[in-house]
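Hi everyone, thanks for coming. Let me put the structure up on the screen, and then we can walk through its empty spaces and its cores together.

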Amino acid sequence: MNRKFEKLADNVYLSDDAKSVVIIDQTKLPNEVVELTLSTAQQMYDAIKTLAVRGAPAIGICAGYSIFCLAQQIEAETFEEFYPQLKKASEYLNSSRPTAVNLSWALNRMDKMVCANRDKSVAEIVELMGEEAVKIQEEDIAMCKAISEYGLSLLKEGDGVLTHCNAGPLATSRYGTAIGPMLMAQEKGINVKVFADETRPLLQGARLTSYELQKAGVDVTLICDNMASMVMKNGWVQTCFVGCDRIAANGDFANKIGTSGVAILAKHYGIPVYTLGPSSTIDMNCPNGDAIEIELRDPSEIRSKFYEKPMALEEVKCFNPAFDVTDHTLLSGIITEKGIIYPPFSENLAKFFGK
Ligand code: MRU
């Protein structure tokens, strides 16, 4: 099934019969807009693992709908029969990717709701799961809008913004996080110039961010990752907005590999760096960046993916971490739906988000 891309808000949604999850296959963008219908646990796991659905909030939304769909497939009369099967499916989905906390956050939220309603019939519990999954998406829409408004308050006419990876509508709901302020600026007639890092090795910046911004009419320039220093030196960048996959209690945060390099360069040139993310990406149980598990991916993504022919010998060793951790000392602020959090982050994150 092919649909018009204008329906950005629906990059993850429930099928009409509410038995499957439908996603825009992000691996095919920007050349094809194709949807995938996910009905089995294996299809859902693979969609997250292969980045057909990606971006921390979108993964969480997909996980909420997925576990609801899988719950409907469980044949059980009692909670005691139902719950172990549900738990097994949830743990399987949770093992698809380790770094973005939104995956476990959404599955834990569904689990808590199920356990709190254990006295109800299985049918009632499953129905409540559907409502909870929809709420996760609705809340994400509201959070992304609020984050974008706070982010926009930091921009002025003519500013240059550098972003890395993709934290737009495809990765979230509606506006997105780190590119939401620029989409909102465009709507309000404020001109900003965006520099999108291509984001090796999976090119989320080239394939997704420049695509989303170009389609929205925002002035976007695509650069290779190693050009960031030059555009900063030229004075073309007034601020850096990046997304996040997990923010630790001290403000360290994991985001797409290369983000920490952007922050180090920005410090050199005196450019502020903000990470933008919803409270579902803040992990107050994670003390600092050292405690964040970093996903390691297949070497073929470096050696041969996107090339007509392999660009390195098969036997050459490759190191392919999907994320890095940016130290909180490089960060000017964390833009959340509750407001902009400034240093000292340990103290101020605790004030906003408790333990
Ligand atoms: O591997 P990906 O493409 O899922 O990585 C995504 C990112 O690093 C995003 O910046 C992050 O998830 C924030 S999306 C609002």
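How much space lies in the largest pocket? In this predicted model, the answer is about 380 Å³. The pocket has 14 lining residues, and if you want to find its centre, look for Trp105, Ser279, Ile282, Asp283 and Asn285, which are the closest to it. Two elements, α4 and β11 (282–283), each bring at least two residues to that lining. The largest share belongs to α4, with six residues. By class, the lining of this pocket divides into five nonpolar, five polar and four charged residues.

Now, where does the largest pocket lie with respect to the domains? Domain 1 (12–144) and domain 2 (148–353) both contribute to its lining, so the pocket lies between them.

Let's move on to the cavities. Searching the whole structure turns up five of 30 Å³ or more. The largest cavity holds about 190 Å³ of space. Its lining is made of 23 residues, and nearest the centre you will see Arg54, Gly55, Ala56, Asn166 and Asp245. Here the elements giving two or more residues to the lining are α2 and β9 (253–256). In terms of class, we have 10 nonpolar, nine polar and four charged residues around the largest cavity. And why can we place the largest cavity between domain 1 (12–144) and domain 2 (148–353)? Because both domains give residues to its lining.

From empty space, let's turn to the packed parts. The largest nonpolar core has 40 residues, and those that touch the most other members are Val12, Val21, Ile23, Phe82, Leu86, Val114 and Met129. Two or more residues of this core come from each of β2 (21–24), α1 (41–49), α2 (56–72), α3 (79–94), α4 (101–116) and α5 (122–152). Which element gives the largest share of this core? That is α2, with 11 residues. You have met α2 already, in the lining of the largest cavity, just as you met α4 in the lining of the largest pocket.

Let me zoom in on Ile23 for a moment. Beyond its neighbours within four places in sequence, Ile23 is in contact with Asn11, Val12, Val34, Glu35, Leu36, Leu38, Ala47, Ala52, Val53 and Cys62. Apart from the core we have been looking at, there is another one, of 27 residues, including Ile223, Val262, Ala266 and Leu330.

That's my tour. Thanks for listening, and I'm happy to rotate the view for anyone who wants another look.

Methods. Residues numbered from 1 in each chain as written. Predicted model: local features only at pLDDT ≥ 70, side-chain atom pairs only at ≥ 80, totals over all residues. Heavy atoms only, no water. Core = buried A, V, L, I, M, F, W, Y, C linked by side-chain atoms within 4.5 Å. Buried < 20%, exposed > 50% of the residue type's maximum accessible area, 1.4 Å probe, protein only. Helix = DSSP H or I, 4+ residues; strand = E, 2+ residues; numbered from the N terminus. Contact = heavy atoms within 4.5 Å. 1 Å grid on protein atoms, 1.4 Å probe; cavity = no way out; pocket = protein on both sides within 12 Å on 5 of 7 lines; lining within 4 Å. Points joined across faces, edges and corners; volume = space filled by probe spheres on them. Nonpolar A, V, L, I, M, F, W, Y, C, P; charged D, E, K, R; others polar. Domains from an automatic or database assignment.
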